[in-house]
Amino acid sequence: MRVIFSVYIDFNENEFEKNYDFDKNVKNKKEFKDNYNFLKSYQQKYAQQLGIDYILYENDNNWKEYKKYFENNYSYISKYNIVNFYKIKLMYDLSKTYDEILYLDFDVVPLTNDNIFDSIDFSNSIACKVNYERDPHYYLIYSTASIIRQKEEYYKRTGKTFPERDPIAKYWNCRALLMEKGFNGDNDVYNTGIVLANKDQLNKLNYFDNFDKTLKFMHEVKTNKGLWPSFIQSSFGYDNETLFSFKMKVNNVNLIELDDVWHWSHRKNTNFIPRETKIVHVINKNFESVKNYVKKHNL
């Protein structure tokens with residue numbers, strides 16, 4: 001059995017952290033609410049075309065209890081990170097009923113009738129997109145002495161470094177976690193906005209094994225000073241994609257990389273959709289451009 005699911009939580013503004021992402025979160029909240037029917041209908045339509053179930057999880061009691069657990073035990077973890085752990089948890093919950101699962105962020109719009117389950121062989125892998133900075137040298141440049149010195153001076157002067165959601169922060173965070181466990185630190189930076197997996201590979205990933213201990217480990221790596229340059233360590237966080245990459249490496253799970261056809265990242269600097277795109281991830285929340293695209297192509 002197969003299923004497609006998504007998560008939509010309409011946060012209150014007072015739940016957003018008062019940081020560099022606050023204005024963006026407020027804007028995104030409005031865009032999601034204004035385009036709720038459009039987004040749900042296209043995900044639902046895709047599932048119907050494939051003849052499989054579609055489930056949209058919203059602000060129900062299960063979510064409220066999950067959020068409350070984090071608030072009571074890990075108050076330093078943001079609502080943004082909690083909901084992203086929640087979506088991974090739901091994958092495991094669904095794997096008790098379904099054999100194959102496709103997760104879509106709520107800002108993901110399918111544009112095709114092609115069956116992703118049949119088009120990609122993920123029998124021995126998990127399918128996910130690796131972020132656009134694929135060359136590890138892009139990240140490792142921040143380990144050179146001159147760059148470290150410049151960045152440390154700037155951080156001490158301004159208190160500013162990479163945002164927690166920045167792929168650079170995720171790479172170095174995962175690298176630190178892996179090296180603490182005796183690995184060489186090489187890792188991929190994933191975008192879990194679209195994840196295709198089966199129950200066997202989710203079991204192999206073992207994402208929530210000793211989860212409380214893992215969160216405490218992440219907290220130690222972030223807060224124990226002296227092991228990493230301050231500007232790098234201050235960017236560490238509690239991101240689902242950091243832990244996803246860590247688990248993929250530690251548990252030796254194979255990756256099938258979703259290409260730009262199956263996961264087109266619609267960003268502010270790539271504000272167009274190639275005609276061959278099958279699924280678009282509207283990271284910039286410019287849903288109007290996607291509406292214009294589907295209208296133009298009668299999708």
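**Figure 1. Lys 170 and Asp 239 meet in a salt bridge in this predicted model.** The side chains come within 3.9 Å of each other, N to O; a salt bridge here is a side-chain nitrogen of Lys or Arg within 4 Å of a carboxyl oxygen of Asp or Glu. Lys 170 lies in helix H8 (residues 167-180) and Asp 239 in the loop between helix H11 (230-233) and helix H12 (240-250), so the pair ties together parts that are 69 residues apart in sequence. Helices (H or I, at least four residues) and strands (E, at least two) are DSSP runs, numbered from the N terminus. Both Lys 170 and Asp 239 are buried, where buried means under 20% relative accessible area, exposed over 50%, and partly exposed in between (1.4 Å probe, protein chains only). Because this is a predicted model, local features need pLDDT of at least 70 and side-chain atom pairs count only at pLDDT 80 or more, while totals for chains, interfaces and linings use all residues. Residues are numbered from 1 along each chain as its sequence is written, and side-chain values use heavy atoms, with hydrogens and water left out.

**Figure 2. Lys 87 and Asp 105 form another salt bridge, at 3.2 Å from N to O.** Look for Lys 87 in helix H4 (residues 79-94) and for Asp 105 in the loop between strand S3 (100-104) and S4; the two are 18 residues apart in sequence, so their contact ties those parts together. Lys 87 is buried, with a relative accessible area of 2%. Asp 105 is buried too, at 16%.

**Figure 3. Lys 33 pairs with Asp 10 in a salt bridge.** The closest N and O atoms are 3.7 Å apart. This pair links distant parts of the chain: Lys 33 belongs to helix H1 (residues 22-34), and Asp 10 to the loop between strand S1 (2-7) and H1, 23 residues apart. Lys 33 counts as exposed, at 52% relative accessibility, and Asp 10 as partly exposed, at 26%. To put these close-ups in context, the structure holds 16 salt bridges. Arg 2, Glu 100 and Asp 118 are also worth finding, as salt bridges link them in a network.

**Figure 4. Strands S4, S9 and S8 make up an open sheet, in that order.** Pairing in this three-stranded sheet is mixed; two strands pair if DSSP finds at least two bridges between them. Strand S4 (108-110) and strand S8 (264-265) are at the edges with a single partner strand each, so one side of each has no neighbour in the sheet. S8 and strand S9 (residues 279-281) run parallel and are joined by two bridges. One residue pair to pick out is Trp 264 with its bridge partner in S9, Val 280.

**Figure 5. Cys 128 and Cys 174 are not bonded to each other.** The structure holds zero disulfides, a disulfide being a pair of cysteine sulfur atoms within 2.5 Å. From the sulfur of Cys 128, the closest cysteine sulfur is in Cys 174 at 13 Å, too far for a bond. Cys 128 is buried at 1% relative accessible area, and Cys 174 is buried at 0%.

**Figure 6. Val 189 sits in the loop between H8 and strand S6 (190-198).** With 5% relative accessibility, Val 189 counts as buried. The C-alpha atoms of Val 189 and Ala 169 are separated by 9.6 Å, and the two residues are 20 residues apart along the chain.
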